[in-house]
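Thanks for making room for this on the agenda. I would like to walk you through one structure slowly, so please have the sequence and the picture open in front of you.

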Amino acid sequence: MAKKDSVLEAGWSVMEAGVAKLQKILEEVPDEPPFDPVQRMQLYTTVHNLCTQKPPNDYSQQIYDRYGGVYVDYNKQTVLPAIREKHGEYMLRELVKRWANQKILVRWLSHFFEYLDRFYTRRGSHPTLSAVGFISFRDLVYQELQSKAKDAVLALIHKEREGEQIDRALLKNVIDVYCGNGMGELVKYEEDFESFLLEDSASYYSRKASRWNQENSCPDYMIKAEESLRLEKERVTNYLHSTTEPKLVAKVQNELLVVVAKQLIENEHSGCRALLRDDKMDDLARMYRLYHPIPQGLDPVADLFKQHITVEGSALIKQATEAATDKAASTSGLKVQDQVLIRQLIDLHDKFMVYVDECFQKHSLFHKALKEAFEVFCNKTVAGVSSAEILATYCDNILKTGGGIEKLENEDLELTLEKVVKLLVYISDKDLFAEFFRKKQARRLLFDRNGNDYHERSLLTKFKELLGAQFTSKMEGMLTDMTLAKEHQTNFVEFLSVNKTKKLGMDFTVTVLTTGFWPSYKTTDLNLPIEMVNCVEAFKAYYGTKTNSRRLSWIYSLGTCQLAGKFDKKTIEIVVTTYQAAVLLLFNNTERLSYTEILEQLNLGHEDLARLLHSLSCLKYKILIKEPMSRNISNTDTFEFNSKFTDKMRRIRVPLPPMDERKKIVEDVDKDRRYAIDAALVRIMKSRKVLGHQQLVSECVEHLSKMFKPDIKMIKKRIEDLISRDYLERDTDNPNTFKYLA
């Protein structure tokens, strides 16, 4: 037994000498030489010899225990006293130094006692040699000093936040102590340091937010907040662990942005409304950058953005309404105002699209806010006129020859057409727009007022991309008809030149229209003057050579005539409608006619004839003299050709008082909507077979909302109508459920 102990003690004395030498080197004892290879090998061999004897002479257990005791003694007798005597930053430096020494000590001692790791620790599932060294430091040094170190680090971070220079490398090394003592995990760093850092940061920035909010405007506050966030991210990069960044940023964001969001964003003098009002795009972009990473952070900004656009757009509508209802405003003045309104809405849209694209980085929330805001005021009426009609009128004006008041060049016109289509997106009654547009397009084409076929077709292409081919099929059909009409006219002229017997004595142009494409027009059995009858018969003869399957129906209300009016002073060229021409040509054979005689000769209704005679005898150009002189037409009136009429122009256009077609268009659209609702309901029920009332209504609304917003009451009426027509039936057990009848 004594021999056994003497072998162990002799071996261990060698190891103690080696450990003492290593500790002297770490403590930087003067004149202590480094290990030479022979010494290192001797120490390794000593452990090897003590641990490779056969039991009971195997000293592995004892050597392992004494190995752990080396660390305990060193930490208690050397490390702890050295750190305890220092405070603040000096204490941190000593802690960092001792941690670095501990890692060197563990590395060297693990090498000297390596044989234990090769067999003993593995077989007995003991902690490795490195683990023993680091556990000792953790339990004896770290546990005692981590709280003081944490306070010292937080104090230095506070100094840096206040603008002072600190030793960032020192902090990075201290953080390494926290991370290293987690034994491969971050639990010590998170529990002993990070949680306190986050709490301290929240407290610090809460105080800052309170002070900055009182002292600074919203833009200045945001600049400071953005800079603080940048510095905190930089702080993580410089010395904190990377996993801290999202937590620290979230804390700072919460205190600087979330807590004060309502006060900051809704600040009356410098908040979001003021920034939008004053076009502060840089500050708005900063607000977006700050609140974008925060969940639901942009919601109040987008809401204020929507409110601001709504207010500005509604102001334009109100301004246009006031101008339109001004009693002094003329009809032409109203048309000009309509054009101005649409141009203002286009400019407003352009302005806020820049905000969405540049300030808010095309975020979907702001696209949605812009859309919802424009939908509010783009669907308001202006003096009883719907926005759908106003937009259709604007399109008509810029596509006409001359381009209305804007007179746009080709590139500008194309760009404006694109913007018109963007506005159309916000109008709910797209079917109403389509009908007004088609009416006006028909007049442009028939009276040769369209400026450029390319732009007409370009706009229809844009409509088709947005709303589908069905939306534009009739409009495209009208353009095709006009192309074919030109071919017909050329062939008709050739037909006349070949058939010498058919002398018309005048220029005669016919436009053949396809009934389904064009708006419906009123037709009458007008008794044409003989000069016109010859022309009509000639064209019928020509058309009969082209087709036998189509029947021509003549719409005289769309025709125009150029007459030579031979007055006493001079001959004036008069441009009138076919109806007006028919009235005037009656006076070639007589000087005077009564209202009744004109009525009988032309075979017109009282309303139509009164309107014609009023335009020729009561308005600007009094080509006929009416007796008695008054502003109203009576069936007892007589009319006489005014041979003394004259005008400074050699060519005049006698306008026919326009008829208000708005009511008829709205009625036609309402009728079409009933058919559309019927079709949607049947289509839905055909695919679903059985469906509840609420779901059927909601699906129908969703189905039709692309073209118009159907009225719920109307849908209910159409359901009842379909039930009466045996398309649907109510479920006998549940009246709110419908079944499809095939």
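Let me begin with the largest nonpolar core, which holds 159 residues, and in which Phe113 and Phe305 touch the most other members. Helix α6, residues 129-161, gives this core its largest share, namely 13 residues. Please keep in mind throughout that this is a predicted model. As a general background, nonpolar side chains in soluble globular proteins tend to be buried together.

Which residues does Phe305 contact, once its neighbours within four places in sequence are set aside? The list runs Leu276, Phe352, Tyr355, Val356, Phe360, Phe366, Ala369 and Leu370. There is also a second, separate core, this one of 49 residues, and among its members are Leu504, Ala538, Val583 and Leu599.

Staying with side chains for a moment, let me turn to Leu80, which belongs to helix α3, residues 60-84. Is Leu80 buried or exposed? Its relative accessible area is 4%, and because buried means under 20%, Leu80 counts as buried. If we leave out residues up to four places away in sequence, Leu80 touches Asn75, Leu140, Val141, Glu144 and Leu145. I would also point out Arg98, which is 18 residues from Leu80 along the chain, with 9.1 Å between the two C-alpha atoms.

Next comes a pair of helices. Two packed helices are described by the angle between their axes and the distance between the axes. For helix α9, residues 218-238, and helix α10, residues 244-258, the axes come within 10 Å and cross at roughly 165°. An angle over 145 degrees counts as roughly antiparallel, and therefore α9 is roughly antiparallel to α10. The crossing in which α9 passes α10 is right-handed. On the α9 side, the residues that meet α10 are Tyr221, Ala225, Ser228, Leu229, Glu232, Lys233 and Val236. They face a set in α10 made up of Glu245, Leu248, Val249, Val252, Gln253, Glu255, Leu256 and Leu257.

Now to the sheets, where the general rule is that strands pair through backbone hydrogen bonds, either parallel or antiparallel. One open sheet has three strands in the order β3-β5-β4, and the pairing is antiparallel. Its edge strands are β3, residues 592-594, and β4, each of which pairs on one side only. From one strand to the next, the twist averages 25°. Helix α24 lies across β3 and β5 and runs at about 85° to β3.

Within this sheet, β4, residues 624-627, and β5, residues 638-641, are paired in the antiparallel sense over four bridges. One of the residues to look at is Ile625, whose bridge partner in β5 is Glu640. In a regular strand the side chains alternate between the two faces of the sheet. In β4, Leu624 and Lys626 make up the covered face, whereas Ile625 and Glu627 make up the uncovered one. Just after that strand, the peptide bond that joins Glu627 and Pro628 is cis, with omega at about -5°, and Pro628 lies in the loop between β4 and β5.

A further open sheet, again of three strands, has the order β7-β9-β8 with antiparallel pairing. Which strands stand at its edges? They are β7, residues 690-692, and β8, residues 728-730, and each has a single partner strand, so one side of each is left without a neighbour in the sheet. Here the twist averages 30° from one strand to the next. Between β8 and β9, residues 737-740, there are three bridges, and the two strands run antiparallel; Arg730 stands opposite Phe738 in β9. Helix α27, residues 693-704, lies across β7 and β9, at about 90° to β7.

I will finish with two loop residues. Asp31 is not a glycine, yet its phi is positive, near 65°, and its place is in the loop between α1, residues 2-26, and α2, residues 37-51. With a relative accessibility of 80%, Asp31 counts as exposed. Asn603, likewise not a glycine, has a positive phi of about 60°, and sits in the loop between α24, residues 595-602, and α25, residues 606-617. Asn603 has a relative accessible area of 41%, which makes it partly exposed.

Note on methods. Residues are numbered from 1 along each chain as its sequence is written. This is a predicted model: local features need pLDDT of at least 70, side-chain atom pairs count only at pLDDT 80 or more; totals for chains, interfaces and linings use all residues. Side-chain values use heavy atoms; hydrogens and water are left out. A nonpolar core is a set of buried Ala, Val, Leu, Ile, Met, Phe, Trp, Tyr and Cys residues joined through side-chain atoms within 4.5 Å. Buried means under 20% relative accessible area, exposed over 50%, partly exposed in between (1.4 Å probe, protein chains only). Contact means heavy atoms within 4.5 Å. Two strands pair if DSSP finds at least two bridges between them. Axes are lines fitted to C-alpha atoms, for helices over the stretch in contact, and angles run from 0 to 180 degrees between N-to-C directions. Angles under 35 degrees count as roughly parallel, over 145 as roughly antiparallel, 65 to 115 as roughly perpendicular and the rest as oblique. A crossing is left-handed if the near helix is turned anticlockwise from the far one by less than a right angle, and right-handed if clockwise.
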